[in-house]
Amino acid sequence: MRIATDIGGTFTDIVYIDGEGAIHVNKSHTTPPNFEQGVMDVIAKCNIDPAAVKDLTHGTTVVINALTERKGAKTGLITTRGFRDILEIGRGNRPDLFNFNFKKPEPFVPRYLRLEVSERMDYLGNEHEPLNEDDVRACLETFRKEGVEAIAVVYLHAYVNPAHEIRTKELIHQLWPEVMVTASHEVSKEWREYERESTAVLNSYVMPTAKAYVDRLYQELEKTGITCPKYIMQSNGGTTTFEKAKETPINMVESGPVAGIYGAAMLGKMLGEDKVIAFDIGGTTAKCSLVDGGEVKTTTEYKIEKTDRWPGYPIKVPVVDIVEIGNGGGSIAWVDSTHSLRVGPQSAGALPGPVAYGKGGTQPTTTDANLVIGRLSPKNFDMDVDMDKVRSAIQEQIGNPFGLNAEDAALGIIRVANSNMLNALKLVSVRKGYDPRDFALVAFGGGGPMHAAALAKELNIRKVIVPNAASVFSAWGMLMTDLRSDDIQTFFAPLTNPDYDAINAQWRKLEAKALEDNAAKGVKASDVYFAHYLDMRYQGQDHTVKVRVPNDDLSPENLGQFIEAFHKEHFQNYSFRLDDSPVEIVNMHLASFGRIAKTPIKEIPTQPYSLEECIKEVRPVIFEGTGKADTKIYDREKLSPGMTMEGPVIIEEVSASTVVYPGMRASIDAYGDIIIETEV
């Protein structure tokens, strides 16, 4: 048996696959701030035999929560003399040039805790000034007095020669063994000092919180007898061991959401769809990512808290290229100062939750609106829903200001929420040069199946795929992943008369380190495979484009193939190519994967019900542009492969509802997925 657990803003999910390939799922309420309790609660609900568990994979929000809620450790920074204010200076380019009230992001380390030491390497890695160890000792004395809990060490050009950072970390461990330390080269070996410094600081900031959480979860699992290998989902779409996760917790910043993206790519391959848009709506956010050719795209340009008016904080580690907005089932509907209806980004979360939860929530949410227009049924909740209270909240707070009844106000909430989600989908498709009509939309999470058909119709997407156990699909995605680590090394190399031996030698160096790291995780060399990427640019450009290149060594015979791959990727990103301009390598990126044995997913059995027997009820449901229509409500648990339904219909399961609009058709495939054809 293989288990995956995923902590969301509202629910903690579990998916487990038994030895025969059958999938089982369950949910429990998330339990902040003791998130590990929610994991143990959902495992307990399943009555799992601990001895039968072969491995467990976990996705967590503990890192992103610590960052966004500013609940990390008191952190100090040691840096090269003269570079104390890099965090403060940041970048001059900002997202909103005409915002005269703009303020730069406030550093996570205040200036009095940013200290300097004498040392200097040049950009080639040559030592210009030795490390002054007395300066390091003086920094530690100051940090002790100030009650610092974690330290980041970031020296100029350490990405090419980390000798001074290594020695500094040794000194800190000797003089202050209990303090937690991050040396920048351990999390990023790319140039760009601001981004590298930000990444190292944020890693140290969350390290005590992440370590405490991982240790508590590990101990709780061991107490129950789950002593199997345990893995944690990383932001790059792969997994790592609990021990490795504690060393570089910043790699868990998008731990939960990216698993669903990877799962969508795997499901697409199973169904013969190598072009998919993954679309996940949870309790607090909506997330989407585009998968082209079956490959999940990663980026090192990730920023937390970035908006169209604020630059956010850069994290220069590989993260699945994902767009996330504050629009989920618990997103609050409100009227702003210009008398306009808004939905999100504020969320009712798990507590108090939507009005429907009856836990003290008073502000209407997307979930409440879906109840009022009939897309959700109060019978499908695990608590008693006071519909009068739900309608009253929408009527008083949204309907009355606009002179609308509760139903029209609820429909307005849904339309605004859909508009927000539509913009997110455009950011990963149209805005990046992709035609949505070429893709299938894989919708999951508790709210994805409810909104997907309307959004697909707007984007002219031909097919929507709602996976089996859609509400816990991110946890399912974790069971499909392998161990993954990324090593990115800045390595400038022109591709006009390149030094083939030097470039290929660098690949060998990265691969040897990857094999060593995987061996430490217990992965045999025969179970390790690689993917090669190059960050490339036209000479004279500043920024790069990440290009997947063949794993073959670079040679005069295939040089043109590498350069053409860059031209194509550049055209895809920027809609132009400069075939006569020389091209150069800036970073070499090796992704290494350690295979984990997976249980094949089996087809679901045929259920002993006719299509008519699968109907739970017929109730009026409001659809945009159509109005109120009597709609058949099907029980997903009773549906069998091959069954087909003409819209409008709603297919209900315990924790999700799939809405099929008039003029659409839904069918059940061999694995229990719902396939919606948006044009019939």
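The following exchange goes through some strands and one surface patch of a predicted model.

Modeller: In this predicted model, local features need pLDDT of at least 70, side-chain atom pairs count only at pLDDT 80 or more, and totals for chains, interfaces and linings use all residues. Residues are numbered from 1 along each chain as its sequence is written, and side-chain values use heavy atoms, with hydrogens and water left out.

Colleague: Which strands stand at the edges of the open sheet with the order β6-β5-β9-β10?

Modeller: Strands are DSSP runs of E with at least two residues, numbered from the N terminus. Two strands pair if DSSP finds at least two bridges between them; in this sheet of four strands the pairing is parallel. An edge strand here has a single partner, so one side of it is left without a neighbour in the sheet, and this holds for β6 (114-117) and β10 (180-183).

Colleague: Which residue in β10 is the bridge partner of Val 153?

Modeller: Strand β9 (residues 150-154) runs parallel to β10, and four bridges join them. In β10, the partner of Val 153 is Ala 183.

Colleague: Are Lys 230 and Ile 232 of β11 buried or exposed?

Modeller: Buried means under 20% relative accessible area, exposed over 50%, and partly exposed in between, with a 1.4 Å probe and protein chains only. Both faces of β11 (residues 230-233) are covered, with Tyr 231 and Met 233 on the other side. Lys 230 and Ile 232 are buried.

Colleague: Which residue in β12 stands opposite Ile 232?

Modeller: Strand β12 (residues 239-241) runs antiparallel to β11, over three bridges. The two form a hairpin with five residues between them. Opposite Ile 232 stands Thr 240.
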